[in-house]
Amino acid sequence: MSSTPPGGQRTLQKRRQAQTAKDKQAKQTPTSARTAGHGGSSNSILKIYTDEANGLRVDPLVVLFLAVGFIFSVVALHVISKVTGKLF
Amino acid sequence: MSAGILDIFKLFAPYLPEVRAPERKVPYNQKIIWTAVSLLIFLILGQIPLYGIISSETSDPLYWLRAMLASNRGTLMELGVTPIITSSMIFQFLQGTQLLTIQMDSKQDRELFQIAQKVCAIILTFGQAVVVVLSGNYGNPKDIGIAISLLLIFQLMFASFIVLLLDELLSKGYGLGSGISLFTATNVAEQICWKALAPTTVNSGRGKEFEGAIVSFFHLLAVRKDKKRALVEAFYRANLPNMFQVLSTVFVFLFVLYLQGFNYELPVRSTKVRGSVGSYPIKLFYTSNTPIMLQSALTSNVFLISQMLYQRFPSNPIICTLGVWGIKPGTQGPQVALSGLSYYMQPIYSLKELLMDPIKSVVYIAFVLGTCALFSKTWIEISGTSPKDVAKQFKDQGLVINGKREVNVYRELKRIIPTAAAFGGATIGALSVGSDLLGTLGSGASILMASTTIYGYYETAAKEGGFTKNLVPGFSDMM
């Protein structure tokens, strides 16, 4: 079992690493309009929602179900109006 | 002060649904699946008719804008992506002109900016839905009744809301890129495929004819006895899509793809990591399809306003200089401008038209090339890709141009980027004019939009690692 005394070279290195990691984290957030998504040379000009805002968080699957449910309900309305037209 | 205006939107934040960002990087295959599923939903939404429509027989006021806005008349996608595009454009221009000052490095500001865009999109959707229903697009609102009118507005709003969420889902990182451009490109591609392969028949006095170019090509070859004349008809028929149009579409598509590869590679090296060199490509299509989008939006709006005013006041001299509208003799197609300013802004569809009125041709070509170049140059300032912004980005990332001093980065970029942007814009404009002249299926602008978007997706996919071959070697290592 080897134990190294506290302080010294290694601690400094660890601190430096932590600092660079933190810097990287900060750098990852967009700093210009371009990296925030309004790219010019990139393929799209309309990449809007790239950030997380704290609102009502929705799972992507929920969006799919919502869409499919909506489609079905509109189709059902059409069908109902057809059927009632036939019956009465 | 401007931040104060944005602060109002904070009130809406807790109630706005928002797709959760993926916690870790979504694998490539899953991205493909999400993209495909969202696209499928969008396409289905575009085919289901609205419930409660009595008639949609009136002349289409938005005929010129449909292809660009991914909207289908009388379906759930009546509004298409219009509200989203409009609100994002409004906010981008507000930001670009410094009327709204947003610190892009503060997370709070960015969030607020996003929320404001979304709220604005929803309000716009509501407004447009009300206008569409009340203006009698689906029959006189009195005949429809209040309940059905409300139901129509609800359907339109909900459908647009779903598109908004789908776009957010795709651009948050579940999909390969922006949803809106994908939807627009798909709509264009769908129209082109329909014109080439439509199984519907048209009877214009000479018996049944297939509408689709390729379908009718085979049909004519199989049915007609005289194969030579059948071939001639399949290639030249004027009333319906013909094979020449299909071939010219393919040609334009391939040519655009070829031009996409043009770029100027700036050799860069990093000052942070010694020995790491790469290249920073500046593409010929520096602003991609933006100039053509803005140009066609501008002309569509001029046409829309001119047409509306002409219907209201057909004898006013000022409005007649803006545009006189009517159906061209010998066609039964949509209304076109016959004289006035709109006439000169209208695309030329054949070589004959080009030669018949040379003044119009010169004015039109100059107009398109000029506006595209101008829009392109303006857009780099607005979107934050001007030489100054790129130089700043270089500085942040510790990049310098190889063989140049650090202070010369800006000067070097200033020499290249504005020229690339203006020339790229003009090239895009020329391509659009050229493809309209060749008579491609669908307008030149829409084909350009579709092909640039598809190429952009291909590029992202390649960067993601979907394809083994790297598009621009060295670039992805640097970034």
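B:Leu134 counts as exposed, because its relative accessibility is 53% and the cut-off for exposed is over 50%. The model is predicted. B:Leu134 belongs to helix H5 of chain B, which covers residues 107–134. From the C-alpha atom of B:Leu134 to that of B:Arg405 the separation is 63 Å. Along the chain, these two residues are 271 residues apart.

A residue of chain A falls into another class. A:Val75 is partly exposed, because its relative accessibility is 34%. Helix H2 of chain A, residues 60–87, holds A:Val75. A:Val75 also helps make a nonpolar surface patch of about 520 Å². The other members are A:Val79, A:Val83, A:Leu87 and A:Phe88.

The two residues are set out here.

| Residue | Helix | Relative accessibility | Class |
|---|---|---|---|
| B:Leu134 | H5 (chain B) | 53% | exposed |
| A:Val75 | H2 (chain A) | 34% | partly exposed |

Now to a sheet in chain B. Three strands form an open sheet in the order S5-S4-S8, with antiparallel pairing. Strands S5 (277–283) and S8 (399–401) are at the edges; each has a single partner strand, so one side of each lacks a neighbour in the sheet. On average, neighbouring strands are turned by 45° against each other, direction ignored.

Strand S4 of chain B spans residues 263–270 and pairs with S5(B) over seven bridges, in the antiparallel sense. Opposite B:Arg269 stands B:Val277, in S5(B). Helix H18 of chain B, residues 409–438, packs on this sheet. Helix H18 touches S4, S5 and S8 of chain B. The direction of H18 makes about 35° with that of S5(B).

How values were computed. Residues numbered from 1 in each chain as written. Chains lettered and ligands numbered in written order. Predicted model: local features only at pLDDT ≥ 70, side-chain atom pairs only at ≥ 80, totals over all residues. Heavy atoms only, no water. Patch = residues over 30% accessible without salt bridge, like charges linked within 9 Å, V, L, I, M, F, W, Y side chains within 5 Å. Areas by Shrake-Rupley, 256 points an atom, 1.4 Å probe, with all protein chains shown as cover. Salt bridge = Lys/Arg side-chain N within 4 Å of Asp/Glu carboxyl O. Helix = DSSP H or I, 4+ residues; strand = E, 2+ residues; numbered from the N terminus. Buried < 20%, exposed > 50% of the residue type's maximum accessible area, 1.4 Å probe, protein only. Pairing = 2+ DSSP bridges. Axes fitted to C-alpha atoms, helices over the stretch in contact; angles between N-to-C directions. Contact = heavy atoms within 4.5 Å.
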